[in-house]
Amino acid sequence: MIKNKYDAIVVGAGMSGGWASKEFCEQGFKTLLLERGPNVEHIKDYPTTNMQPWEFKHRGRLTSKDMEENPIASRCYAFREDAKHFFVKDKEHKYGQIKPFDWIRGYQVGGKSIMWARQVQRWSKYDFEGPERDGFAVEWPINYNDLSDWYTYVEKFVGVSGNKDGLDTLPDGDFLKPWETNIVEEYFTKTIKKHYNDRHVIYGRCAHLTENKPIFLKQGRGLCMGRNICQRGCPYGGYFNVNSTLIPWAIKTGNLDLKPNSVVHSILYDESKQKATGVRVIDSKTKESKDYFANVIFVTASTLNTNLILLNSKSNRFPNGFGNDNDLLGKYIAFHNYRGTISAEYEGFPDFTTKGRKPTSHYIPRFRNVHKQETNFLRGYAAGFGASPQRETNRDGLGENLKKQLLNTRETGVWNVGSHMMGETIPKITNQVTLDSEKVDEWGIPQLNIDVDYDENDEKMLKDFFDEFTEMYSKAGFINIKTNDNNRTPGNDIHEMGGVRMGKDPKTSLLNRWNQLHNCKNVYVTDGACMTSTSTQNPSLTFMAISARAANHAIQELKKSNL
Amino acid sequence: MNRRIALKHVGLITAGLVITPYGCNIEPEVIYSNLPMIKKSQQQTIGYLSNIILPEDAINFPTMESRQEFILTMVNDCYGTSKIKRFSKGFEMISTELKDIEFGKFSLNEQISFIDKSYLSKNPSSFFIETLKKHSLLHFESSENYMIDYLNFEFIPGRYLGSVSI
C-alpha cells in the first residue's frame, strides 16, 4: 500500500474546495483536504464574534500600524479591528504588481467564506452566451441548463433568502423567505417598474437562514439574527460559511483528512501513466516537504493561487506549467468593475423609519446589452440599491450644550439612498499572472506577478452607470444626487477570475466542460480560475455549483475507473 | 571566573532594587509609546480639557475606559507620524498657555471660551482641540447606554421592520 494515499486530494479549504470535499466524503471516498493556513473551527475560533461595539479598544478602527503595514488589505471594506485577523497581511505573502492590483486573501480553513459579502445570484443563459455572442474570450462549454440543477442542489444546502422574481436575466432559485423590504426600497422598485420595461429592482438574494429546515438543523445552524457583523464569524451559523457547514459535514463521514498549514508546492505528474499522481506539500511551519497521492486532484486554492500552483507544476511533459500546452495558463484574468457609486437623499417618507437590521439590500440585475448589443461598450453591469433613514446629531459647540445636543439626536425623516455598480470586465490575454524568475517566498515557491488593469470598455461602462442611475434616481425624485468614481484598484472587488479557463477547444482553453484539464483528466479546477468570463453576478454561488457538479462527475469517473 | 561575575551581577541588581524605591518612581513616565513628550503627570490635562469640551458622565454613560485613556490610546495607536507631531505641538502650546493663565481659576464659561478660541485659531492648538473633541464625541457616542438608549442599537435584533412610524 502506498503511504499518504487517498482517493481524492482537494487543494484549498474555501468554498470550492469545501464543496468538492463534501461530495467526495459523502459518497465514501477518502479525501485529503489541504489548506495553507491554520484551522478555523466554527464558533471556537471566532474571537470577536460576541464583542459589543464599545468593547473594541479602537471602536472598530484600524491602527496606524495596521494601515502602514497593510496598505493593500486595509483597502478592503471588511479589514477592520473586528475581523482583520482573518485576512492575509501584506508583508506575510508578497506578490508582484506589474500594475496595481489589490489581492485580498484569507488563508485559513474556510478561506474568504468567513468574511464574504454573502450575495448569491445565479447566472442566466445570457451570461453564459456572452463571449460567443460578443466575440470575446472563448465560448463557454456549458450553459445555464447544465448548471441549474446544481444551483438548486447548492442553494438547498447553503440556504438562500430570496424572492421569486420571474426574471430571465436572473433565474429564480430554491429560496427561503426574504427579509422585509423597507418603504423606500419598495417605492424605488415601483418607480423603476413604472418607467422602464427592462429594469428591475429586486430583493438582494443572500446566503442567510430565514427559515428552519431539517437540513440546516442537521448542520447545527440557526436563524440569522440580523447582527450584520458576519465578517467575524457567526455563532448561530446564520449565514453560510464553509466552517459551519461543509467541513463539519465532511468530517462527520469519517472520510475527511483535513490538513491545515499545508502549502501546496506543485502537482506531481507520472509520464508513464499520463496522469497526475499527487501533490507536493510544504508544512507552513516546519518547511518540511511531503508528497501525497490520490487518483483525482481538485485544485481549488482560490483563483490566483490555483494559477500559481499550476504554473509552478513543471515536468518534462508540462515544462511551462501543468496542462499548459497552449501557453494560455495564467492569461485572460478578469474581475468586476466596482468603481462607480451614486448617492442621494429622498424626502418622500418623512414619517417612517426602520427597526432592526437585515443582512442584505436590493439589487438591480444587468439591463445593458442583454438581448443585443446596444451601447458603445460590451456587456453590462448590475447594481445594488440601499435606503436607510438619516439621523441628525448636532455636534457643534462645547460643554453641557454639546451634551444636550447629543441627547437630542433624532431621525430627520430624510432617507439616504445609494447604489454601487458591479460591471463585467472583458477577459484579455494581456491581463495575466506569471511566476517571477527570481523571487521566491519562504517556502521556496516563486512569487506571483500580477499584470491586470482596466481598459476603455470599463471607462465607458462607468460613464453609462453614472448616466443611467442619475436618470433613474431623478425619475424617483431623489435629490442631492452625487456620483463618485472611487478609482478602486482591480482586485479590490475580490472577484478575480480566470487564467485556467473552460472551453471547448484545447487549443484555446485549459479545461473541458467538466472542469478537467484537457491534457490531464484527473486534475480538476473548479474555483474562480476556471471562469471563461465574469458576467456581473457575485460569483461564489456559481463556483460552488460548478464544484459540486465537477466533483460528482469525478465520482462517477472514479467509480468507472476512468481516472 | 564566570561564577564570580554572576555573583557580582546579582549583588548589583539586589542593591539596585533596594535603592530604587527611594531614588525614583518605578512607574514608567511614558505610558503611550508614540507620545513620549506627554508625561504621565501631564496626561490629566487631556482628561481635564476633554471634560470641559464634553462633560463625562460616568454614572449615566459608563465606559470601559476613562475619556483620557481613550483619547490617548486613539491618538497613540491610530494617528500617523505627522498627525502625532501636530497633536503634540498643539499640546505643548496649550500646556504653556495654561501655565501662564492659571486656567483652573477660570469660570467654566471662561474655560469654554478659551478652548473655543484655541479651536478657532490657526495655530497647532486648533488641531489638538479638534482631536480632543473628535475622540470625546466618539467615546461618548459609542458608550453602551448612549448607543442603546439614544441610537436604538440592538446587538441581536433578530428582525427587520421596513416601515415603522416615527
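1. Welcome to this predicted model. A good place to begin is where the two chains meet: 37 residues of chain A are in contact with 38 residues of chain B.

2. Which elements of chain A give two or more residues to the side that touches chain B? They are β14 (352–356), α9 (399–407) and β17 (410–424). If you would like one to look up straight away, try α9(A), which supplies the largest share of that side, 6 residues.

3. As for the make-up of the side of chain A that touches chain B, you will find 14 charged and 13 polar residues there, along with 10 nonpolar ones.

4. Strand β14(A) deserves another look. Strand β1 (residues 160–165) of chain B is joined to β14(A) by 4 bridges, and the two strands run antiparallel. To find your way along this pairing, pick out A:Thr353, whose bridge partner in β1(B) is B:Val164.

5. Now to the nonpolar cores. The largest one has 151 residues, and A:Ala8, A:Ile9, A:Val11, A:Val154, A:Ile297, A:Val299 and A:Ala545 are those with the most contacts inside it. Which helix gives the most to this core? That is α11 (residues 540–559) of chain A, with 10 residues.

6. A:Val299, one of the residues with the most contacts inside the largest core, makes a handy landmark. Beyond its neighbours within four places in sequence, A:Val299 is in contact with A:Val11, A:Thr306, A:Ile309, A:Leu310, A:Val523 and A:Val525.

7. Finally, do not miss the second core, which is separate and has 24 residues. Among them are B:Leu54, B:Phe91, B:Ile115 and B:Phe140.

Definitions and conventions: Residues are numbered from 1 along each chain as its sequence is written. Chains are lettered from A and ligands numbered from 1 in the order in which they are written. This is a predicted model: local features need pLDDT of at least 70, side-chain atom pairs count only at pLDDT 80 or more; totals for chains, interfaces and linings use all residues. A nonpolar core is a set of buried Ala, Val, Leu, Ile, Met, Phe, Trp, Tyr and Cys residues joined through C-beta atoms within 7 Å. A residue is buried if 20 or more other C-beta atoms lie within 10 Å of its own, exposed if 12 or fewer, and partly exposed in between; C-beta atoms are placed from the backbone. Two residues are in contact if their C-beta atoms, placed from the backbone, lie within 7 Å. Ala, Val, Leu, Ile, Met, Phe, Trp, Tyr, Cys and Pro count as nonpolar, Asp, Glu, Lys and Arg as charged, and the others, Gly among them, as polar. Two strands pair if DSSP finds at least two bridges between them.
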